[in-house]
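Me: I have just opened a new structure and would like to learn how to read it. Could you walk me through the features one by one?

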Amino acid sequence: MAQTQSTAGKDNSILTKVGMSVLYIGLIIVAVFQIYPLIWLFQFSLKSNSEVFGMSPFALPQDPKWENYVRVWTDGNINLYFFNSVWITVVSVLLTLLFASFVTFAITRMNWKLNKLVLGLFMVGLMVPIHSAIIPLFSFFLELNLIDNPLSIILSYTAFNLPLTIMILLGFYYTLPREIEEAAVVDGCSIHRIFFQITLPMTTPVLATTAIINMIYNWNEFIFVNTFISSDKFKTLTVGIQNFIGQYLTDWGAIGATLMISIIPILIAFLILSNRIVEGIAAGSVKG
Amino acid sequence: MNKVMSNKAVIALYVLPAFILIVALIYGPILITGYYGLMDWDGIGAKTFVGLDNYMELIKDAKFWQSAYHSFLLAFFSTLSLVPYLAISLILAGKVKGSDLLRKIYLIPMLLSSVAIAQLWVKIYDPNNGMLNSLLTMVGVENPPAWLADTNLVLYAIFVAILWQYAGFYIIIYYAALKGIPESLVEAAKIDGASPIQIAYKIKVPLISGVIKVTVVLAIVGSLKYFDLIYVMTGGGPNGASEVIASYMYKKAFDTFDFGYGSAIAFFLLLITLIVTWITRKLTASEDEIQY
């Protein structure tokens, strides 16, 4: 009796092992599907056109053409687009974090009657599709003479990222103990000093999370720049590479190199900060 | 304490910058969109009030309904795709070695811009030198299709790129929710002799139903708003075969300068989005407070 039971147990564990292996292979296939296109992109970014058109797309680049990167960086204006993306992203992220922190502080720490209503207004903003606002925004900026001016992009990024940023900050502010701030009030500390020297430093972890999420959104944004900006000198990478590819349609190496340049900063940020990114995406999405 | 923390001037100073921004750039514009929808306007010249003409035209516009059909088709498939995402998350949240690394690999495409993703997939689908058709030719398929130029296939080809982009996003959400389930519940079920499949289906999935409903909203609303990827990959073509609501709106407004008609479409898009969100919120009202 004891014998049969132990054999049954063994069978079971073999079955489980086989089942687990099958599942595991499934997971790995999904991972390959997710990562291989990017490896392939990296490969063709290093190829010459004769390699792209004359050989298998799966062949490794024979003589890696790093000059593809150098060529698009300077000749293709990619350096200009890149730095535009950097400064516009940075300014927008800083503005969003500052304004969102102000609002979250006022809503969670200060006493006023309309705070729930104002919070509600910010939260409803999460649901508004950008596309439903784009036409009036265009004519609004046209009237203010801000079309083809980076300010229109920065203000739009800030406004549309505020609801999500406030939502993520809010959860953190609620869990933050108030004793330190209360003690500071008793000591006669001014409200601005409390905000800038006590509260803001205490929220660094969540600020880092929201900063990285905001950074990714702004870096990748397309429709605002495509609509509001017309001159090359203000274009960011997403719209810039779109133009570039329109001109170099058949130059695969150049296209691959521009795409790689546009995604490398994100990949580096992900390598360093992957846990924060995962946390931010999970936190920012669930309430939808 | 109360005196310092009730200073009206400070409250105004802290709240107003953000408040003015969202009123001027989000709430104002969406209301004005509805108003512009009542106008005949090229975006620059004078506006002519035409009442509900744009909206009446919209109802009769076969191209608009075709693009709306495509949007809803994408919403339907995106919702269906949540099932395999949930299955993958259930496996990952079990005790799988390397689940951390796998999750991160799954997420990478989600972090890239839609423009980069679109351009990459244009190359993957390239009929002559693309990865996909080379692979198909290698396994013996003769005359593989020209994916993005085929009116019957283009929408599905785009949908595969969308799957690639968003898989990691939903897996991360489900994974976080599943990790929030108390271990004791699962242990208790194991002691009662439940199989892993029973535990997944009867205990874990019901426990995260609130999150599942939220992802359904995200998938539907997200699909209705799809724009960047399709605009860059095909521009809605060939012959409107991949046109969606947002790309049709954008074309009408910024390519043919029919701002009035474009606004009517944009307002319609807003209404659908809000209605879908509201309906699904109603269904999830009791579980609104779940947090992970």
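Me: Over residues 68-280 of chain B, what percentages of the chain are helix and strand, and how many Å apart are the end C-alpha atoms?

Reply: One thing to know at the start is that this is a predicted model. A stretch can be described by its secondary structure and by the distance between its ends. Residues 68-280 of chain B are 73% helix and 0% strand, and their end C-alpha atoms are 20 Å apart. The UniProt record, an unreviewed entry, lists this stretch as "domain: ABC transmembrane type-1".

Me: Which residues of chain A does UniProt list for "domain: ABC transmembrane type-1"?

Reply: For chain A, the unreviewed UniProt entry gives residues 82-273 under that name. That span is 78% helix and 0% strand, with its end C-alpha atoms 21 Å apart.

Me: And which residues of chain A does UniProt list for "transmembrane region"?

Reply: The unreviewed entry lists residues 21-42, 81-105, 117-142, 154-174, 194-217 and 252-273 of chain A. Let us take two of these and look at the model. Residues 81-105 of chain A are 100% helix and 0% strand, and 36 Å lie between the end C-alpha atoms. Residues 194-217 of chain A come to 96% helix and 0% strand, with the end C-alpha atoms 30 Å apart.

Me: How many helices and strands are there in each chain?

Reply: Chain A has 13 helices and zero strands, whereas chain B has 15 helices and two strands.

Me: How do I read the overall shape, and what radius of gyration does chain A have?

Reply: A useful habit is to set the value beside that of a compact globule. With 288 residues, such a globule would have a radius of gyration near 19 Å, but chain A has 25 Å. The C-alpha trace of chain A spans about 80 × 70 × 35 Å along its principal axes. For chain B, the box filled by the C-alpha atoms is roughly 80 × 75 × 30 Å.

Me: Into which domains is chain A divided?

Reply: Chain A has domain 1 (2-45) and domain 2 (68-285). The centres of these two domains of chain A, taken over C-alpha atoms, are 39 Å apart. Where they touch, domain 1 of chain A gives four residues and domain 2 of chain A gives seven. On the domain 1 side of that contact in chain A, three residues are nonpolar, one is polar and none is charged.

Me: How many residues does each chain give to the contact between chain A and chain B?

Reply: An interface can be read by counting residues on each side, then by sorting them into classes. Here chain A gives 70 residues and chain B gives 75. Helix 13 (residues 252-285) of chain A gives the most to chain A's side, with eleven residues. By class, the side of chain A that touches chain B holds 51 nonpolar, 17 polar and two charged residues.

Me: What about the interior: which residues touch the most other members of the largest nonpolar core?

Reply: In soluble globular proteins, nonpolar side chains tend to be buried together. In this model, the largest nonpolar core has 159 residues, and V103(A), Y174(B), L229(B), I265(B) and L269(B) touch the most other members. Helix 9 of chain B gives the most to this core, with 18 residues. Beyond its neighbours within four places in sequence, Y174(B) is in contact with Y85(B), L86(B), S89(B) and V211(B). As for burial across each chain, 44% of the 288 residues of chain A count as buried, and 42% of the 292 residues in chain B do.

Me: Where is N143(B) found, and is N143(B) buried or exposed?

Reply: To judge a single residue, find its element and then count its neighbours. N143(B) sits in the loop between helix 8 and helix 9 of chain B. N143(B) is exposed because it has 9 other C-beta atoms within 10 Å, and the cut-off for exposed is 12 or fewer. Its phi is near 50°, a positive value in a residue other than glycine.

Me: What is phi of N77(A) near, and where is N77(A) found?

Reply: N77(A) has phi near 70°, again a positive value in a residue other than glycine. N77(A) lies in the loop between helix 3 (67-75) and helix 4 (78-109) of chain A. With 19 other C-beta atoms within 10 Å, N77(A) is partly exposed.

Definitions and conventions
Residues numbered from 1 in each chain as written. Chains lettered and ligands numbered in written order. Domains from an automatic or database assignment. Contact = placed C-beta atoms within 7 Å. Nonpolar A, V, L, I, M, F, W, Y, C, P; charged D, E, K, R; others polar. Helix = DSSP H or I, 4+ residues; strand = E, 2+ residues; numbered from the N terminus. UniProt positions renumbered as here; feature names shortened; annotations may be inferred. Core = buried A, V, L, I, M, F, W, Y, C linked by C-beta atoms within 7 Å. Buried ≥ 20, exposed ≤ 12 C-beta atoms within 10 Å, placed from the backbone. Rg over C-alpha atoms; globule rule 2.2 N^0.38 Å.
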